[in-house]
Amino acid sequence: MPVFTRFRQTPGTAADDTAPAPPVSEETPGGAAEAVPQGAATDTAVSETAVADEATSDTAVADEAAPDTAETDKATPDTAETDKATPGEADGDAPAGAKARLRARLAHWRSWRTRHPTAARVLSWTTTALAAALVLGAMLMPNTVATVQPNRFTRLPAEAIIGAAVMLALPRRPRMILAAFSGAVLGALTIMNFLDMGFREYLGRSFNLILDWSLLDDAQSYIADSMGRTTAVAAAVGAVVLVVVLLVLMALATVRLSNLLVRDTRTATRATLIAGTVWITCSTLGVQFNGMPIASDRAAGALKAQAWRVKTTLRDEAAFRNEAKADQFGDTPADQLLPDLRGKDMIFTFIESYGRSAIEDPGIAPGVDKTLDSSTAALEKAGFRARSGWLTSATYGGSSWLGHSTTMSGLWIDNQQRYRTVMSSDHLSLTKAFKKTGAWDTVGVMPGVQKSWPEQSFYGLDKVYNAFQMGYRGPKFSWSTMPDQYALEAFQRLEHGKKRDKPLMSEIILTSSHQPWSPIPKMVGWDQLGDGSVFGPIQKAGTHPSDIITDSTRSKQEYGKSVQYSVTSLTQWLERYGNDDTVLVFLGDHQPIARVSGNHASRDVPVSIVAKDPKVLDKIAGWNWTDGLKPAKDAPVWKMSSFRDRFLTAYGSTPHPSKD
């Protein structure tokens, strides 16, 4: 097809159509240059630039027409007036011009590789290396902080080898889709690993994909109470941004690596086969490097563990619902429940994070043991005796309500699903057993409760005092809404100190030893407590949570001080207000977090029963507990879920199993 071109005459120069044109040299396929006629050369040049000429021809015409248009505009004012009268046409040209400028900028930006080839190559290989590091890191990342070591990242992941083989076998579109999806899965797995790290650090267990999302809201509330709402909001926003960025970057990284594979399929296939052979050999022979097996299937194992956890959780729901229906004392008549405690004022008290480490850890125990010994002596002087043992808590580091419900229900409540199930059941809690007899008034003192609390019905409490119902006007101490000393004094003023027709059964949750253990209240004169304003200067003079929360040594020290404060508050209250009919049962709900108790700490918590009436302690003589408030290291250890039935039996209750 002939090619037609437009030539623009240079101003002031006449076109000479008859002037002979010099021959044009053209490179032949053989490499020799030969002369070709001018017309042929022109046709060739035009053919090579036809696309460019066609793309710019309109612009060229416009350029040639511009002077004439300008002259016309000057010569015809009516036209100018018309232009002014139709601004829409000029406005319509503006978007087109803007688009043209944008296209020009994009073209200029895309051409930077041509203008800076060395920098482009360096950036390309750097990006590829970072993508490979990101993907391999996700495949090899462990899910505990303690195991994040360099030797974990020097292994050969089977998932990478299998992924490469699949990518090489797929056409472009399916390959791109699979690569992006695989990257998103790796990003999600990395997020799960981070969640596992956090949950293991604070709760001593892995994150449950089904049950634990609601705990993230509790975590944000904890940060807001401890570090301030601004910090909590910033942390939440940062977490969301991190999740989105991680998912996107991981998808982009896997797509980039898949594109790299198909650039040279022969080399990539050979490398994949070699890597697969090495993996099989190392796996078969158990070859290790730096203490770790070279062959790894960490990512697949993590996904398998998550799937197993989900499956187990779903199965556990139905099984536990049936377990909760079976109750040894479910049909026990009221007159056969707790006959040996009739007439006693019963107080069940949980001390936050009061665990075995407080009594046995060398960095914590000296101060706590001294407090327990001095408190035992002071109580004995006031006529009280105590015996103590150990219970293995259903939770660790947090989720205190799981420890409370396990103790009171006699069921092992170690996750949120079980907790919801038992709270909605008619299972007999230990505190409800007192209410069922009709021989006690029942009350709860819950300074940590700051919203509606439907659990009141399960625990059989006639009345519950939350954080806003005890008249406190002093400052918060991080998460704790009020000092334990004030909460106990409010209990005395509002309930225990009043004359009544029936004895009182109380459940009290003390919170001053809740993490982050900063600032910590100090004891003041009981007569000086007032509305709690006296604690203002104490709170201001205390440490800030940010000074404690990242320092393991200081966390241990402050944790020990907080336990000393809680124990002192409780035992001094008992000395001051207890009488011959007072019976106190107090225990920890769980161990403190791993940063304080250590990575291999037990889940044991101390439990003590204190009374003036010797018959009360005689009833548990067969338990072989240690005399005093400090249980011996070799004192009996029971599961926390066994306490309810043992307690009911010890004090005369007759089992009558419930019927399905």
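Which residues is Ser566 in contact with, leaving aside its neighbours within four places in sequence? In this predicted model, the contacts of Ser566 beyond that range are Ile351, Asp484, Leu510, Ser512 and Ser513. Ser566 belongs to helix α22 and counts as buried, its relative accessibility being 0%. One of these partners, Ser512, also appears in the lining of the largest cavity, which is described below.

The protein chain comprises 25 helices and 15 strands. Of its 660 residues, 43% are buried. When contacts between residues at least 6 apart in sequence are considered, 76% of them join residues at least 24 apart.

The search for enclosed space in the whole structure returned one cavity of 30 Å³ or more. The volume of the largest cavity is about 50 Å³. Its lining consists of Phe477, Ser478, Ser480, Thr511, Ser512, His514, Pro516, Trp517, Ser518 and Pro519. Divided by class, this lining contains six polar and four nonpolar residues, with no charged residues.

Among the open spaces, the second largest pocket encloses about 870 Å³. It is lined by 34 residues, of which Met139, Glu159, Ala160, Gly163 and Ala164 are the closest to its centre. At least two lining residues are supplied by each of α6 (117–140), β3 (156–157), α7 (158–169), α8 (172–203), α10 (229–263), α11 and α12. Helix α7 provides the largest share of this lining, with nine residues. In terms of class, the lining of the second largest pocket has 27 nonpolar, five polar and two charged residues.

Helix α11, which spans residues 265–285, includes Gly276. Gly276 counts as buried, at 16% relative accessibility. A distance of 8.2 Å separates the C-alpha atom of Gly276 from that of Ile162, although the two residues are 114 residues apart along the chain.

Salt bridges were then examined. Across the whole structure, 19 salt bridges were found. One of them links the side chains of Asp340 and Lys619, with an N to O distance of 3.3 Å. Asp340 is located in the loop between α12 (298–325) and β7 (345–351), and Lys619 in the loop between α24 (614–618) and β14 (626–627); the pair therefore ties together parts that are 279 residues apart in sequence. Both partners fall into the partly exposed class, Asp340 at 34% relative accessibility and Lys619 with a relative accessible area of 41%.

The loop between α12 and β7 also contains Lys344, whereas Asp581 lies in the loop between α22 (552–577) and β12 (582–588), so this second pair ties together parts that are 237 residues apart in sequence. The salt bridge between Lys344 and Asp581 has its closest N and O atoms 3.5 Å apart. Here the two partners belong to separate accessibility classes: Lys344 is buried, with a relative accessible area of 8%, while Asp581 is partly exposed, with a relative accessible area of 34%. The assignment of Lys344 to the buried class follows because buried residues are those under 20% relative accessible area.

A further salt bridge is formed by Glu495 and Arg500, whose closest N and O atoms are 2.8 Å apart. In this pair Glu495 counts as buried, at 11% relative accessibility, and Arg500 as partly exposed, at 28%. Elsewhere, Asp316, Asp414 and Arg418 are joined into one network by salt bridges that share partners.

Packing between helices is illustrated by α17 (residues 430–437) and α25 (residues 643–650). The axes of these two helices are 10 Å apart and cross at an angle of about 35°. On the α17 side, the contact involves Leu430, Ala433 and Phe434, which meet Phe643, Arg644, Phe647 and Leu648 of α25. The residues of this contact comprise six nonpolar and one charged, with no polar residues.

Methods: Residues are numbered from 1 along each chain as its sequence is written. This is a predicted model: local features need pLDDT of at least 70, side-chain atom pairs count only at pLDDT 80 or more; totals for chains, interfaces and linings use all residues. Side-chain values use heavy atoms; hydrogens and water are left out. A salt bridge is a side-chain nitrogen of Lys or Arg within 4 Å of a carboxyl oxygen of Asp or Glu. Helices (H or I, at least four residues) and strands (E, at least two) are DSSP runs, numbered from the N terminus. Buried means under 20% relative accessible area, exposed over 50%, partly exposed in between (1.4 Å probe, protein chains only). Axes are lines fitted to C-alpha atoms, for helices over the stretch in contact, and angles run from 0 to 180 degrees between N-to-C directions. Contact means heavy atoms within 4.5 Å. Ala, Val, Leu, Ile, Met, Phe, Trp, Tyr, Cys and Pro count as nonpolar, Asp, Glu, Lys and Arg as charged, and the others, Gly among them, as polar. On a 1 Å grid over the protein atoms alone, a cavity is a set of points where a 1.4 Å probe fits but cannot get out, and a pocket is an open set with protein on both sides within 12 Å along at least five of seven lines; lining residues have an atom within 4 Å of a point. Grid points are joined across faces, edges and corners, and a volume is the space filled by probe spheres set on the points.
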